[in-house]
Amino acid sequence: MAKKNQTLGEFIIENQSEFKYSSGELSRLINSIRLAAKVVNHEVNKAGLVDILGAAGDTNIQGEDQQKLDVYANEAFIKTLTNREIVCGIASEEEDDFITIQGRNKKNDNKYIVLIDPLDGSSNIDVNVSVGTIFSVYRRVTPEGTPVTLEDFLQPGNRQVAAGYIVYGTSTMIVYSTGHGVNGFTLNPAIGTYYLSHPNMKFPEDGHIYSVNEGNYVHFPQGVKNYIKYCQAEEGDRPYTSRYIGSLVSDFHRNMIKGGIYIYPNTSKDPNGKLRLLYECNPMAYLAEQGGGKASDGSQRILDIQPTALHQRVPFFCGSKNMVEKAEEFMQKA
Ligand code: AHM
Ligand code: MG
């Protein structure tokens, strides 16, 4: 039972028995992500103070090599998960290929793989706008005792055992699900503890916010153009409000609390859209569904797509159930 103001540590221990395979491994994994998130949060928070902005490989004023924050975040998550020997493989949006982790005594005996987008929306860092980390957890499908293979990573999203995000915003939050609803924890930076601040988060069934990069309007498919016109029409509870941060985690987080839809469609320039199925769409779709919302590529449920490549992209429609269904209706009619 989620109790408000419970710490994340207490919550993980109390709810461990709800995990499908309750060996404590998944709890330790979530604990490691929580730890890495604190390290990254510390670095993101001081981004405006010290000269760590700029491209990886640049030299800072002291003549030291600079590390861009997304590179830093990538290393922080990979190192934390690797050093704790709790996963058998990691795939990251920042890496071309997946990483195999042999674990204790090189036995390859860990069960879980993690897919991660270490710092999503990183173009927002330079202007002090919220960014996020997105993660997704699966059980491996190949036999334990052997190194992981690509097959372990190319599982449809409906096989996720956990997913979540960290939003580095006005406050830092970790929001995640292990298949029993969505819970949000806010970091008290003074003592480095996350508290349950948003128990059992739910997408309102309907909403008034649409989030899409309208600068790409001319390149959008006709169905999306028509849906945007519908959102802007003066009728009933419309026009809706347009809100687009350009940081998926933040746009999703706001829409889950207030009710809304996020769209990154296929365009004439990018026929599969921009967002990555494995690192961005699947975990967000899992959270959306766990919170009573919906996620599709315009016609098909995101979580049912069989991935064929690690960095595959898909069009993404995600948010309040009725809004996503309405957008799908426009896509099908066009
Ligand atoms: P990234 O993984 O390179 O950061 O790109 C993903 C981000 C999302 O967070 C955001 O919603 C989208 O790209 C914004 O793209 P655009 O600037 O094309 O609207
Ligand atoms: Mg990303």
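pLDDT is the predictor's confidence in each residue, running from 0 to 100. The structure here is a predicted model, in which local features need pLDDT of at least 70, side-chain atom pairs count only at pLDDT 80 or more, and totals for chains, interfaces and linings use all residues. Residues are numbered from 1 along each chain as its sequence is written, while chains are lettered from A and ligands numbered from 1 in the order in which they are written. The protein averages a pLDDT of 91, and 92% of the residues score at least 70. Residues 59-66 are the shaky bit, with pLDDT below 50. Where pLDDT is low, the predicted coordinates should not be read in detail. On the global scores, the model gets ipTM 0.97 and pTM 0.94.

Next comes the annotated site. An unreviewed UniProt entry puts the feature "binding site" at Asp117, Asp120 and Glu280; UniProt positions follow the numbering used here, feature names are shortened, and annotations may be inferred rather than shown by experiment. These residues are spread over 164 residues of sequence, yet they cluster in space, with a largest C-alpha distance of 8.5 Å. Asp117 sits in strand E3 (residues 112-120), and Glu280 in helix H7 (residues 277-290). Helices (H or I, at least four residues) and strands (E, at least two) are DSSP runs numbered from the N terminus.

Asp117 counts as buried because 29 other C-beta atoms lie within 10 Å; the cut-off for buried is 20 or more other C-beta atoms within 10 Å of the residue's own, exposed means 12 or fewer, partly exposed is in between, and C-beta atoms are placed from the backbone. Glu280 is buried too, with 27 C-beta neighbours inside 10 Å. Two residues are in contact if their C-beta atoms, placed from the backbone, lie within 7 Å. Leaving out residues up to four places away in sequence, Asp117 touches Glu93, Thr133, Ile134, Tyr279 and Glu280. On the same basis, the contacts of Glu280 include Asp117, Asp120 and Leu248.

Around ligand 1 sit Glu93, Asp117, Asp120, Gly121, Ser122, Asn213, Gly246, Ser247, Leu248, Asp251 and Lys274, each with its C-beta atom, placed from the backbone, within 6 Å of the ligand. E3 and helix H6 (248-258) each supply at least two residues of this shell. By type, the shell has one nonpolar, five polar and five charged residues; Ala, Val, Leu, Ile, Met, Phe, Trp, Tyr, Cys and Pro count as nonpolar, Asp, Glu, Lys and Arg as charged, and the others, Gly among them, as polar.

The largest nonpolar core has 91 residues, and those with the most contacts inside it include Val87, Met284 and Cys318. Such a core is a set of buried Ala, Val, Leu, Ile, Met, Phe, Trp, Tyr and Cys residues joined through C-beta atoms within 7 Å. H7 gives the largest share of this core, nine residues. Not counting residues up to four places away in sequence, Met284 touches Ile134, Leu248, Phe252, Ala295 and Cys318.

A few backbone oddities round things off. Most residues other than glycine have a negative phi, and most peptide bonds are trans. The bond from Arg238 to Pro239, however, is cis, with omega near 10°, and Pro239 is in the loop between helix H5 (222-232) and strand E10 (241-242). Asn108 has a positive phi near 50° and is buried, with 20 C-beta neighbours inside 10 Å. Asn128 also has a positive phi, about 60°, but counts as exposed, with 8 C-beta neighbours inside 10 Å.
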